[in-house]
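Have your viewer ready and follow along, one selection at a time. Each stop names what to pick and then says what is there.

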Amino acid sequence: MAKGQIKRLIRDRGFGFIQTSGSSEEVFFHSTSLPAGAFDELTEGQTVEFDIEPDPRNPQRSRAANVRTG
């Protein structure tokens, strides 16, 4: 399980980016990777935990799954 901070939220599109702890890597996440209603409660800079999986649209990239506030 990885940890990081919410770097950017694009609320009107339902996604954002997490900067992983100890790295400059940013990981994409979609609102569907959170429990229902949790996306609306996120703030930039908030710490989260998440799993990393290959992005089905582009297996060369990673995305966050099972995002949880920490």
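Start by selecting Ala2, which stands opposite Phe50 in β4. Before going further, note that this is a predicted model, in which local features need pLDDT of at least 70, side-chain atom pairs count only at pLDDT 80 or more, and totals for chains, interfaces and linings use all residues. Residues are numbered from 1 along each chain as its sequence is written, and side-chain values use heavy atoms, with hydrogens and water left out.

**The strands around β1**

Now colour residues 2–10, strand β1, and residues 47–55, strand β4: the two run antiparallel and are joined by four bridges. Strands here are DSSP runs of E with at least two residues, numbered from the N terminus, and two strands pair if DSSP finds at least two bridges between them.

Add residues 15–20, strand β2, which runs antiparallel to β1 and is joined to β1 by six bridges. Where does Ile10 find its bridge partner in β2? Select Phe15 to see that partner. Then step to Gly14 in the hairpin of β1 and β2: there are four residues between the strands, and Gly14 takes a positive phi near 80°.

**A buried threonine**

Stay on β2 and pick Thr20, which lies in this strand. Is Thr20 buried or exposed? Thr20 counts as buried because its relative accessibility is 9%; buried means under 20% relative accessible area, exposed over 50% and partly exposed in between, with a 1.4 Å probe and protein chains only. Leaving out residues up to four places away in sequence, Thr20 touches Lys3, Gly4, Glu25, Val27 and Phe50, where contact means heavy atoms within 4.5 Å.

**The nonpolar core**

Next, show Ile18, Phe29, Leu42 and Val67 as sticks: these have the most contacts inside the largest nonpolar core, which has 14 residues. At least two residues of this core come from each of β1, β3 (26–30), β4 and β5 (58–69), and β1 gives the most, with three. Such a core is a set of buried Ala, Val, Leu, Ile, Met, Phe, Trp, Tyr and Cys residues joined through side-chain atoms within 4.5 Å.

Centre on Val67. Beyond its neighbours within four places in sequence, Val67 is in contact with Ile18, Phe29, Ser33, Leu34, Pro35, Val48, Glu49 and Phe50.

**Ser33 in its loop**

From Val67, move to Ser33, found in the loop between β3 and β4. Ser33 is buried because its relative accessible area is 15%. Not counting residues up to four places away in sequence, Ser33 touches Ala64, Ala65, Asn66 and Val67. Draw a C-alpha distance from Ser33 to Ala64: they are 31 residues apart along the chain, and the separation is 7.4 Å.

**Last stop: the lining of the largest pocket**

Select Phe15, Phe28, His30, Asp55, Pro56, Arg57, Asn58, Arg61 and Arg63, which line the largest pocket. Strand β5 supplies the largest share of this lining, three residues.

For a closing measurement in the viewer, join the C-alpha atoms of Thr20 and Pro56, which are 36 residues apart in sequence and 20 Å apart in space.

Methods
1 Å grid on protein atoms, 1.4 Å probe; cavity = no way out; pocket = protein on both sides within 12 Å on 5 of 7 lines; lining within 4 Å.
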